Amino acid sequence: MTSVNPHFFMNLSSSLTTLDLIESGLRGNFPNSIFCFPNLKKCSLRGNENLTIDLPSSNWSNPLQDLDLSVMDYGRRLPESIGELKSLQSLSLSCNLEGSLPASIGNLYQLTDLSLLLNNFNGQIPTSLANLTQLTFLDLSRNQFSGPIPVSIGNLRQLIILDLSSSNLSGQIPSSLANLTQLTSLDFFDNQFSGSIPDSISNLRQLPTLDLSYNNFSGQIPPSLANLTQLSFLYLSNNQFSSMLPPWIFTLPLLESLYLNHNQFQGQINQFQQNSLTHLDLSSNKLQGSIPNSIANLVNLSYLDLSSNHFSDLLELDMFSALQNLETIFLSDNNLSLRMNVNANFTLPKLTDVSFSSCNLSEFPNFIRHSNGLKTLVLSKNSIHGNILEWICEKDDLEILDLSHNNLIGKIPNCLPKSLLVLSLQANYFDGNIPFGFSEGCGLLNLNLHGNQMDGLLPRSLVNCSTLEVLDVGNNSVEDTFPHWLESLPELQVLVLRSNKFHDFV
């Protein structure tokens, strides 16, 4: 890391036109007189996190066209003098700026790119932004603004990218947004917008990406949004929509990602009329009826989450056999009964995450056995019987294994994967000793064996699990001296030993 020598910069020629010090590891105080050089057109100091800078209050370099001070720690107000840079075309300031965004920013009539993300601006977005009619890129995300989007934003008719995500904005979306017909990305994620989605958005016919997730929108998705035939990515999750799912949403020809999770959508899912979907999340709604068999045609699908709804159906798992790109499938907490055809012998080679909790399973699904990259396997609250199959020991990437609340019997194998972070086997009928093979560097966070018939000693090798936060061996028949040695586990937060046969003084 290099200290800034102010004298070096002061000796630079006043004819300097470009200064590019991106990610140079600079620290110390950067002389603000540089910004007053008469011929400076481009200045980029991005990525010098330990560089202190004091922006000038006047006499900026008027020819300056490109200023990038991103990923720095300025931590002060943006001076009104920023409005003097009448030639500026690109401005990127992500440096912990605070206070209100000065109205003088509306004097930068030549701006095409304005990025002010990752600051602490507060107050309302100034209406003077509407003067920046040449803007094609506007990013005000991750700030602390208040109030609504100014209606005058509709003046920015050249905008292609508009990102106001995580900016604490509220109120309703102005209808003037209909003027921004060049938009290809509209991101209002994580604000406090409320009311209905305005029909005016349907005027944005070129829009591939629309993100209105994590707000307080309610009512129905307006039918006029069916006009957005270029949509590839639609995110409406974590709102308060309560209508039926509109049938047109399953006909959008280019749609790749559809996230409608954590709302209150009702009714049934229509048949899918497209096969472009790669990500589908309808979880945590009030959807009911059958899962449409046309889901088997979504051959590009890699992520499927239909959990926490009211689907009720006898579902043959081999309907997913054609989904060879599938990585994640969550069907938990519905009224489904999953069944595997005894003659089915398919594999899903890319599968990494499976959650079939409360799915009335009576056995391990065969296709899981051949999913070598499995990281998450949740089969809790079913009626699976028999022993833990040895092939689980072959899952070298497995991080979460939850087989709790089943009818499993026998001994827990000593060969369980060393990659495990969470092991939940509670409420089964396991017996014998708790496995002793917790080797040095064990990464377990949660070990739950509650409510089985385990006996023998509590393995001392648990001290190798220095990251362990939860240990529950309650309601077993473990017979041992009280495990004072557990005090050496620095992260342990929950310890349940009740209803065993521990003895000795506490």
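Biologist: In this predicted model, what is the strand order in the open sheet of 4 strands?

Modeller: The model is predicted, so keep that in mind as we go. The strands of this open sheet are paired in parallel. Strand E22 (266-267) and strand E28 (335-339) stand at the edges with a single partner strand each, so one side of each has no neighbour in the sheet. Reading across, the order is E22-E24-E26-E28.

Biologist: Okay, and which residue in E28 is the bridge partner of glutamate 316?

Modeller: Start with the strands: E26 covers residues 310-316. E26 and E28 pair in the parallel sense over 5 bridges. In E28, the partner of glutamate 316 is arginine 339.

Biologist: Let's move to cysteines. How many disulfides does a search of the whole structure find?

Modeller: One joins cysteine 393 and cysteine 415, with sulfur atoms 1.9 Å apart. Another joins cysteine 442 to cysteine 465, at 2.2 Å from S to S. Counting bonded cysteines along the chain, the pattern is 1-2, 3-4. The search of the whole structure gives 2 disulfides.

Biologist: How many residues apart in sequence are the parts that cysteine 393 and cysteine 415 tie together?

Modeller: Their disulfide is right-handed, with 60 degrees about the S-S bond. Cysteine 393 sits in the loop between strand E31 (385-386) and strand E32 (400-402), while cysteine 415 is in the loop between strand E33 (407-410) and strand E34 (422-424), so the parts tied together are apart in sequence by 22 residues.

Biologist: Is cysteine 415 buried or partly exposed?

Modeller: Have a look at its partner first: cysteine 393 has a relative accessible area of 13% and is buried. Buried means under 20%. Cysteine 415 has a relative accessible area of 34%, so cysteine 415 is partly exposed.

Biologist: And where does cysteine 465 lie?

Modeller: Cysteine 465 is linked to cysteine 442 in a right-handed way, with 95 degrees about the S-S bond. Both cysteine 442 and cysteine 465 are buried. Cysteine 442 is in the loop between strand E35 (429-433) and strand E36 (446-448), 23 residues apart from its partner. As for cysteine 465, look in the loop between strand E37 (453-455) and strand E38 (470-472).

Biologist: Why is there no bond for cysteine 43?

Modeller: Cysteine 43 is buried, at 0% relative accessible area. A disulfide needs sulfur atoms within 2.5 Å. The closest cysteine sulfur to that of cysteine 43 is in cysteine 36, and it is too far for a bond, at 11 Å.

Biologist: Now the rings. Are phenylalanine 193 and phenylalanine 217 stacked or tilted?

Modeller: Phenylalanine 193 is in strand E16 (residues 192-195) and phenylalanine 217 in strand E18 (residues 216-219), so the pair ties together parts 24 residues apart in sequence. Both phenylalanine 193 and phenylalanine 217 are buried. Their ring centres are 6.4 Å apart and their planes are at 25 degrees, so the pair is stacked.

Biologist: Last one: which residues are closest to the centre of the largest pocket?

Modeller: That pocket has a volume of about 260 Å³. Its lining has 13 nonpolar, 5 polar and 1 charged residues. Of the 19 residues that line the largest pocket, the closest to its centre are Leu416, Pro417, Gly437, Phe438 and Leu444.

Conventions: Residues are numbered from 1 along each chain as its sequence is written. This is a predicted model: local features need pLDDT of at least 70, side-chain atom pairs count only at pLDDT 80 or more; totals for chains, interfaces and linings use all residues. Side-chain values use heavy atoms; hydrogens and water are left out. On a 1 Å grid over the protein atoms alone, a cavity is a set of points where a 1.4 Å probe fits but cannot get out, and a pocket is an open set with protein on both sides within 12 Å along at least five of seven lines; lining residues have an atom within 4 Å of a point. Grid points are joined across faces, edges and corners, and a volume is the space filled by probe spheres set on the points. Ala, Val, Leu, Ile, Met, Phe, Trp, Tyr, Cys and Pro count as nonpolar, Asp, Glu, Lys and Arg as charged, and the others, Gly among them, as polar. Helices (H or I, at least four residues) and strands (E, at least two) are DSSP runs, numbered from the N terminus. Buried means under 20% relative accessible area, exposed over 50%, partly exposed in between (1.4 Å probe, protein chains only). Two strands pair if DSSP finds at least two bridges between them. Rings of Phe, Tyr and Trp (its six-membered ring) pair if their centres lie within 6.5 Å; planes under 30 degrees apart count as stacked, over 60 as edge-to-face and the rest as tilted.
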